[in-house]
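Please work through the following exercises with the sequence and the structure at hand. Attempt each task before reading its solution.

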Amino acid sequence: MSNPAVIKLQSSKINKNRIWIDDNFGESIHIHIDDIRVDLSVQEFEKLYEDLCCTLNKLIEVEGLDFRKIDPIYLEVMLWDKLTKLKMVRIDYVNLDDMYAPFGQTMVKLSESRGVKALRGVFKEEEKRRSNHLGQTETERMAISLESIKENGYPYDNQYIVMYGDDNIIRDGQHRASCLYYLYGNIEVPVMRMYFDNYDSPNIYKYYNSKLFCFLRVAKRKISKLFKLFKIVTIKLITKIMRKIVSVLKKKVGKNVNSDIVTIFSSK
Amino acid sequence: MGEKIKDLQSINIGKSSFMIELNEGYTAEQGRVIHIQNNKFRYLLKEKDFIRLASLVMRAWSEFKYIKENKIKLKKEDSFGIRKKISNETKEKVSIISKQFEDNGIRYRVLDIQEEMITFIIHPEDIIRFIDIASTNRWKKEIHPYGSDKGYSFLYQMNPFLLYSISDLYVEIYCQLPCASLTPKKWIPLDLSIQKRIWEKDDILNSYKMCDIKCQLIYHLCWAVFKNQGFSVYEKSIINENIEVFDDKDMFDMLNSVFFKYTEILIERLKNQQYDSAILEYYSYMEY
């Protein structure tokens, strides 16, 4: 029978092939490609990671790029499909005030980014994103970044904030940039610029400073909030009506667990 | 065949070595391809697909390290409900219900007795007969808090949990000894050897058949490690009272089918009553 302690580390599809990698606690790590399975010990898994870093270094072969220094989350979420077009990387120096961070569908200055606002306590982010570790909230990730910057400084272990081309949009390292800004204000920091074939800076970045654009952005946010509220109220009303209908029509035992049962199971 | 461009890296899987090799594609449209091969086996991927696969494996490693380094939050002992002392009346009810099962040819074992609830394991082949008995006796079917109605899935053809109320007593029914999966809201049956043992061994107590103590211990241990991520007072006491059982080879084999290479460490922690460590170290265990 299967190991009860199995955690899916990654899963995806490559063309029509299902790929998934799981950790079977105490037993082994499994890499599945459809019906093929490879079993690895923890040591073999770590070695495979290192070998794949070396493989990508030799495959992509861009001077200054070392896959051991690239965040695997950033690689898997954003970078992997651009690598065949990567031509050059270089280290550059940019003021934090000149950096832009993605904010929903737009870009904002780093000083106005979600990261900096969260650090200043403007709001708490409990969202779990695909760009974070499994089960990790934004708040937890930010806390780890802040701790790391305080302890190790920046850049740590040759891992840089990443930008594409000559624009100043942060592609990887928003948390670190936010923490640096929060701790030190507007300082100049080294970043890694990646140059790809046929890369164009997003147009939206050019219109950032336009007052009309700012007004439209704020209006869009407010309308979106109102729409969400309307949706919630409507859904609640419909749910209430449906529940009443179901309870009248169904003779089956209700979906609510008896409160006595809840108490008994709490001692289990 | 596309021309070889260069060898990229050799990798080892167990005792087998493979070379990751970059080649020209078979056609111009195909682009470059990667061979992962040795002299007995070859797996071919387009360059971009290989990069995708590599990125998934590399991220998986990063997630693995994060999970092992990130301490889980243990459920504290004082957050568990209190188990009431079992009255003679409840023991009498267990006997009555058990006798009903026996009279109707239903194979059963009593797994757990609480003052308000009895947990039975019914042989999967007798479950239909049990449902008939429950219906005939007008036992009220309840929603099980960890059952199908609450969104839980039962894997590997496991029978879903059942819950009935008989006046002021609840009767919980399993057909297999369950274990909560780490994948949320999923139950799996413990190893087949453990399931077989339930029906091969029993402890006759009063006039009903209790589940063999080793099966009981495994059940409570799995509940603590996988479901609650914490030991309740009751679980600690039942383990302490039966600690010598953990020296048996049988018990080791059963635990090994669940905890694998962590088994020896687990037994040591339990013997030293280091319950929190037993769980924390399990979730951060990497020596396999």
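The exercises below treat confidence, one helix, one sheet and several salt bridges.

This is a predicted model, in which local features need pLDDT of at least 70 and side-chain atom pairs count only at pLDDT 80 or more, while totals for chains, interfaces and linings use all residues. Residues are numbered from 1 along each chain as its sequence is written, chains are lettered from A and ligands numbered from 1 in the order in which they are written, and side-chain values use heavy atoms, with hydrogens and water left out.

**Exercise 1. Confidence**

Task: State the mean pLDDT of chain B.

Solution. Step 1: pLDDT is the predictor's confidence in each residue, from 0 to 100. Step 2: The mean for chain B is 92, and 99% of its residues reach 70 or more. Step 3: For the complex, the predictor gives an ipTM of 0.87 and a pTM of 0.84.

**Exercise 2. The faces of a helix**

Task: Determine which residues of helix 6 of chain B are buried and which are exposed.

Solution. Step 1: Buried means under 20% relative accessible area, exposed over 50%, and partly exposed in between (1.4 Å probe, protein chains only); helices (H or I, at least four residues) and strands (E, at least two) are DSSP runs, numbered from the N terminus. Step 2: Helix 6 of chain B spans residues 233-241, and its buried residues are E235(B), K236(B), I238(B) and I239(B). Step 3: These buried residues line one face of the helix, because they fall within an arc of 165 degrees when seen down its axis; the arc is that of the directions from the helix axis to the C-beta atoms. Step 4: V233(B) and E241(B), on the other side of helix 6 of chain B, are exposed. Step 5: The cover over the buried residues includes helix 5 (213-228), helix 8 (263-271) and helix 9 (275-283) of chain B, where contact means heavy atoms within 4.5 Å.

**Exercise 3. A sheet**

Task: Give the order of the 3 strands in the open sheet of chain B.

Solution. Step 1: Two strands pair if DSSP finds at least two bridges between them. Step 2: The order is 8-12-11, with mixed pairing. Step 3: Strand 8 (153-154) and strand 11 (178-180) of chain B are the edge strands, each pairing on one side only. Step 4: Strand 11 and strand 12 (residues 186-189) of chain B run antiparallel and are joined by 3 bridges. Step 5: Within this pairing, P178(B) stands opposite P189(B) of strand 12 of chain B.

**Exercise 4. Salt bridges**

Task: Identify the parts of the chain that are linked by the salt bridge between E281(B) and R269(B), and then examine the pair D197(A) and K87(A).

Solution. Step 1: A salt bridge is a side-chain nitrogen of Lys or Arg within 4 Å of a carboxyl oxygen of Asp or Glu; the count over all chains comes to 36. Step 2: E281(B) and R269(B) meet at 2.8 Å, N to O. Step 3: The pair links helix 9 of chain B, which holds E281(B), to helix 8 of chain B, which holds R269(B), 12 residues apart. Step 4: E281(B) is partly exposed at 29% relative accessibility, whereas R269(B) is buried at 17%. Step 5: The closest N and O atoms of D197(A) and K87(A) are 3.7 Å apart. Step 6: D197(A) lies in the loop between strand 10 (188-196) and helix 6 (211-249) of chain A, and K87(A) in strand 5 (residues 86-95) of chain A, so the pair ties together parts 110 residues apart in sequence.
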